[in-house]
Amino acid sequence: MTREQKTISVALDEAAAWAARFASDMVSEADWRGFEAWLATPGNREAYDRVEAAMASVDDHAAELRISLEPTGRVSPVRALADVKRNRPRTVWLAWGGGLAAAAAVAFFAIPSLTGVVSPSTQIEAIAYAAPGEGTRTVKLADGSEVTLNRGAMIRVQLGAAERKVELASGEAAFKVAHDPARPFRLTAGKETIVDLGTEFNVLSANDKLVVTVRAGRVRVELAAGQPVELPAGEQMRLDRVAQRAVVSKVNPDDSFAWQGGRLVFHNASLSEVVERLNDYAVKPIKLADATSAGLRFSGVLVIGSSANMVGQLEAFFPVRSEEGKEAISLRTK
Amino acid sequence: MALDESEQSPLMRLYMEKRRDLVRFFTLRTSSASDAEDIVQEIWIRLHGIGDVENPAAFLYRTGTNLMLDRARSSRRSRARDDSYHMVNQVRGAGANEDETGEPSPEQTLEGRQRVARLMQLIKAMPEQRQRVFVMHKLKGLSYGEVAESLGISRSAVEKHMMAALRQIAELRE
């Protein structure tokens with residue numbers, strides 16, 4: 001054994017010891033601190049990654065290994081307990097392999113198929129994603145769908161066997177949904193539900209409004225009151241949640257997705273509409289102090305930035321000046 | 001979404017205190033400062049609705065480690081999917097636009113079978129007690145405490161058997 005091989009071998013011994021430590025149900029903060037110090041030595045992290053990859057490989061094939069090692073297929077009480085523990089869904093990616101928790105409580109049951117059995121009653125843990133503070137965030141979901149969250153948006157995702165459920169708690173998000181007719185993709189925003197029929201769409205949800213824009217494919221919006229609305233590509237539905245009135249119009253859908261590139265696009269929009277849109281992003285709200293300015297119209301592109309920065313852009317385009325107050329920034333006609 | 005500051009649990013307050021430690025740890029662990037930031041941010045999201053836990057500081061590290069492993073796993077999955085997709089496209093020529101199904105390719109399945117076979121061989125060749133501990137903990141999901149009780153040995157003996165088993169498995173090349 002060369003000196004180098006010997007070093008690697010020692011690092012692997014230590015890595016295995018740490019891995020065995022962290023597999024324990026009794027781990028202290030001091031263990032994590034010690035591990036951190038150990039990781040700082042060159043070569044140790046790589047050794048630990050190797051042990052971890054080996055463990056992941058065992059986990060990936062746990063069902064097959066278990067069956068092969070216990071060819072009788074009988075379920076002993078210990079086995080049933082073990083299966084309950086193993087199949088408790090920890091995360092979404094594990095959850096599809098689970099679903100046996102209920103079945104395992106029965107004294108005898110068929111050995112799980114190697115691909116994983118999914119029962120519709122499975123309790124699948126939701127994963128929440130948020131785009132905190134500044135900037136947007138793109139999340140690739142386990143089913144291959146992609147969600148881009150605008151700043152401040154938060155979603156909860158439950159990828160179940162029978163359906164994919166996403167809840168948009170608030171804010172704006174753009175969805176590229178992986179097509180899977182067997183598992184409909186249902187997005188809930190407030191009291192409304194958007195059912196994806198294979199598509200790319202943008203949703204802006206706030207207390208007083210819901211705006212759904214379809215770029216590709218087709219979605220169905222199930223309203224809290226009234227008939228569902230089907231939107232093909234190129235159409236936008238604006239729901240006024242206060243008046244409970246929905247308006248569908250033809251739009252250039254790219255404009256609704258422009259925020260992903262940090263831009264907002266307006267076509268002949270009134271200043272009050274522009275300000276309303278900017279307020280979705282502004283930390284400090286922007287207010288129109290007089291009625292005259294509200295009717296001013298604008299076509300063009302604004303860059304999403306801080307409240308002050310966006311107000312500066314408005315001042316450049318409109319004959320208005322701003323006054324920064326404690327609570328808000330007010331705009332007046334010059 | 002605005003978080004209600006008044007509803008912060010003790011665990012969340014501890015998180016605030018340990019945030020920098022966690023970022024430092026995961027930066028070292030993943031060798032990426034931005035991955036570390038993402039992981040530590042996700043820990044925060046997971047803390048909502050979690051009540052008292054035993055050893056809360058270790059719980060924070062554990063949660064982050066699980067998140068890190070989830071990320072690694074899903075990127076392995078999507079890489080595998082991309083690979084199989086590209087392979088399909090190469091075989092069928094450009095213009096094939098079948099949906100990605102996420103099914104493993106025949107090659108991957110074969111590789112998987114070989115890996116299972118090698119793992120099986122290795123586990124079967126383990127000393128008896130080591131094998132018992134490994135199967136009970138790693139394959140059946142019993143905790144160290146449960147394994148120790150059922151085999152009538154100490155927790156630290158369980159840990160030593162696990163260490164030896166993991167050391168052996170790490171020798172298996174991908």
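**Exercise 1.** In this predicted model, decide whether B:Phe25 is buried or exposed.

*Solution.* Take the relative accessible area of B:Phe25: 1%. The cut-off for buried is under 20%. So B:Phe25 is buried. Now take B:Tyr61. Its relative accessible area is 1%, so B:Tyr61 is buried.

**Exercise 2.** Classify the ring pair of B:Phe25 and B:Tyr61, and state where each residue lies.

*Solution.* A ring pair is described by the distance of the centres and the angle of the planes. Here the centres are 5.2 Å apart and the planes stand at 85°. Planes over 60 degrees apart count as edge-to-face. The pair is therefore edge-to-face. Next, locate the partners. B:Phe25 is in helix H1 (residues 10-30) of chain B, and B:Tyr61 is in helix H3 (residues 56-92) of chain B. They are 36 residues apart, so the pair links distant parts of the chain.

**Exercise 3.** Work out what kind of pair A:Trp38 and A:Tyr48 form, and which parts this pair ties together.

*Solution.* Start from the total: 17 aromatic pairs over all chains. For A:Trp38 and A:Tyr48, the ring centres are 6.4 Å apart and the planes are at 75°, so this pair is edge-to-face. A:Trp38 belongs to helix H2 (residues 29-39) of chain A, A:Tyr48 to helix H3 (residues 44-60) of chain A. The pair thus ties together parts 10 residues apart in sequence. Check burial. A:Trp38 is buried at 10% relative accessible area. A:Tyr48 is buried at 5%.

**Exercise 4.** Find which cluster holds B:Phe25 and A:Trp38.

*Solution.* Follow the ring pairs. They link a cluster whose members are A:Trp18, A:Phe22, A:Trp32, A:Phe35, A:Trp38, A:Tyr48, B:Phe25, B:Phe26 and B:Tyr61.

Notes:
Residues numbered from 1 in each chain as written. Chains lettered and ligands numbered in written order. Predicted model: local features only at pLDDT ≥ 70, side-chain atom pairs only at ≥ 80, totals over all residues. Heavy atoms only, no water. Phe/Tyr/Trp six-rings, centres within 6.5 Å; stacked < 30°, edge-to-face > 60°. Helix = DSSP H or I, 4+ residues; strand = E, 2+ residues; numbered from the N terminus. Buried < 20%, exposed > 50% of the residue type's maximum accessible area, 1.4 Å probe, protein only.
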